[in-house]
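Got the viewer up and a selection box ready? Here's a short walk through the model, stop by stop.

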Amino acid sequence: MAIQLETRKLANFINGEWVEVSESTGVTNPATGEEIVQVPLSNTSDVEKAVQAAKEAQKEWALVPAPQRAEVLYRVGYLLKERKERLSQLLTQENGKVIEEARGEVQEGIDMAFYIAGEGRRLFGQTTPAELKNKFAMSQRAPVGVVGIITPWNFPIAIATWKSFPAIIAGNAVVWKPATETPIMAYELAKIFEEAGLPKGVINVVFGSGSTVGDAFVHHTDIRVISFTGSNDTGRNIAAACGKQLKKVSLEMGGKNAVIVMDDADLELAVEAILWSAFGTSGQRCTACSRVIVHEAVKETLEERLLAAMENLTIGNGLNESIKVGPIINKAGIDKIKSYIETGKNEGAKLLAGGYELTEGEYRQGNYFAPTLFTDATADMRIAQEEIFGPVVSLIPVKSFEEAIEVNNGVEYGLSSSIFTNDVNRVFKAQRDLDTGIVYVNAGTTGAEIHLPFGGTKGTGNGHRDSGVQALDVFTEWKAVYVDYSGTLQRAQIDV
Ligand code: UN1
């Protein structure tokens, strides 16, 4: 029996109060087509209230010593841990990902809470000699103020923790627009913040559309940073709007990630890793493997083994523990995948498995797509260049290690890459030459850990990183402080 929510309609969380909004829309379980809850569609005056609450709250919050701010995040971590199973079940219902992966995602949030709470006792700056006598010099992190975070449906709780926890530990207040497809995780996390004793107004959740709520965040003069994960088009528009206002913006916008399989690779292991990274989360991860760049010497064997292994992929409702591949988020997602299947065929790639939507029997009510394998793709095909965000992977044969690296790097994105080889020289060359923010050796393209920077090069982002200590750079300003205790006027660069 699936866990139920205690409400049929969610409310915004503004200034520590649950505020109802008259307009709302239904949230559908992608596995069953059933409506699970109504999510508010807020307007710009709701955003205004949230920003004003955040602005007020931030003044006090910035004065709370960071180790005390950390205490709240430790409590958040323990509450997440206590509720891990409930949250995972709800996550599977709103997002569709299989329960094992939902548990993994909630675990990322728990890890992030404990990791970044530890920063409450670090938040290191630098002390450094001054160039003049009797003068002290240091740098320290200062909060930015009110930050706006806009989070996607594919990791509705993990990504929210990557952004909100570092913002909060650094002394900012947050206004948060979660994806309307997956609002339950935001509702549950807001309740946890409330119970953990976060002062009112330090986090505010405003549900609604990107075109109304997201746009209002981007243009609000009191919001000094936008941290966004989502589509490339939206990210570019946000960057342009923020650029005009000189507003700081951190973007993470996907990938076209590849597993490289060299002629000396452990093929058994490579097959397992490809299956996991390409078809796990039904390919709906920014880090999902959607290209396999394979050395021609092992291409046929790899194809055979992949096809055999794909036979064992069970597709269905992710609440069932034996299911490996869950549904696609919505019909628009299915349509996008379908159109790429047509494109792939027209471009001349060879379809080896899948390529169709599942619509019969138990699949009738949900959004299911068969795990799909193309081969003989070339590096310039659209299916080998563009993000599909579905369970579709294309094999691209190459003749050498150098060509493999070139093909890997020959896309607009640069999030994650992987190489299977047992040659130590290739390992070190690959980790140097693969132009992505994340590199795996003898592992698939997914599974980043929260204490390292998450993000990528080129079209994946704009140089910032989520999670890790690097996330603090998004949510703080560096302040240089000089204390002259000479009692005289000492002029830098002159009185030396
Ligand atoms: C995403 O798809 O945007 O590395 C996040 C991974 C996960 C996070 C994915 N830890 O695949």
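**Stop one: the ligand and its shell**

Start by colouring domain 1 (12–253) and domain 2 (257–441), then select the shell around the ligand: at least three of its residues come from each of these domains. Keep in mind as you click around that this is a predicted model.

Which residues should you label? There are 13 around the ligand, and the ones that come nearest are Glu-108, Arg-285, Cys-286, Thr-287 and Ala-448. Colour the shell by residue class and you'll get six nonpolar, four polar and three charged.

**Stop two: polar contacts**

Now show the ligand's oxygen atoms and draw some distances. Pick the side chain of Thr-287 to begin with: one of its N or O atoms is 2.7 Å from a ligand oxygen. Next, go to Asn-154, where a side-chain N or O atom lies 3.2 Å from an oxygen of the ligand. For Ala-448, switch on the backbone, since the partner here is a polar backbone atom, 2.7 Å from a ligand oxygen.

How much of the ligand does the protein cover? Turn on a surface and have a look: 99% of the 320 Å² of accessible area that the ligand has on its own is covered.

**Stop three: the pocket**

Time to bring up the pockets, if your viewer can compute them. Which one holds the ligand? Go for the second largest pocket, as that's where the ligand sits.

**Stop four: the cavities**

Last, hide the ligand and hunt for enclosed space. The structure has three cavities of 30 Å³ or more, and the largest cavity holds about 70 Å³ of space. To find its centre, select Gly-283, Arg-285, Ala-288, Ser-290 and Phe-389, the nearest of the 14 residues that line the largest cavity. Arg-285 should ring a bell, as this residue is also among those that come nearest to the ligand. Colour the lining of the largest cavity by class too: seven residues are nonpolar, five polar and two charged.

How values were computed:
Residues are numbered from 1 along each chain as its sequence is written. This is a predicted model: local features need pLDDT of at least 70, side-chain atom pairs count only at pLDDT 80 or more; totals for chains, interfaces and linings use all residues. Side-chain values use heavy atoms; hydrogens and water are left out. A residue is near a molecule or strand if one of its heavy atoms lies within 4 Å of it. A polar contact is a pair of N or O atoms within 3.5 Å; within protein, one must be able to donate a hydrogen and the other to accept it, and residues adjacent in sequence count only if both atoms are side-chain atoms. Accessible areas come from the Shrake-Rupley method with a 1.4 Å probe; for residues, only the protein chains shown count as cover. On a 1 Å grid over the protein atoms alone, a cavity is a set of points where a 1.4 Å probe fits but cannot get out, and a pocket is an open set with protein on both sides within 12 Å along at least five of seven lines; lining residues have an atom within 4 Å of a point. A molecule sits in a cavity or pocket if more than half of its atoms lie within 2 Å of its grid points. Ala, Val, Leu, Ile, Met, Phe, Trp, Tyr, Cys and Pro count as nonpolar, Asp, Glu, Lys and Arg as charged, and the others, Gly among them, as polar. Domain bounds come from an automatic or database domain assignment. Grid points are joined across faces, edges and corners, and a volume is the space filled by probe spheres set on the points.
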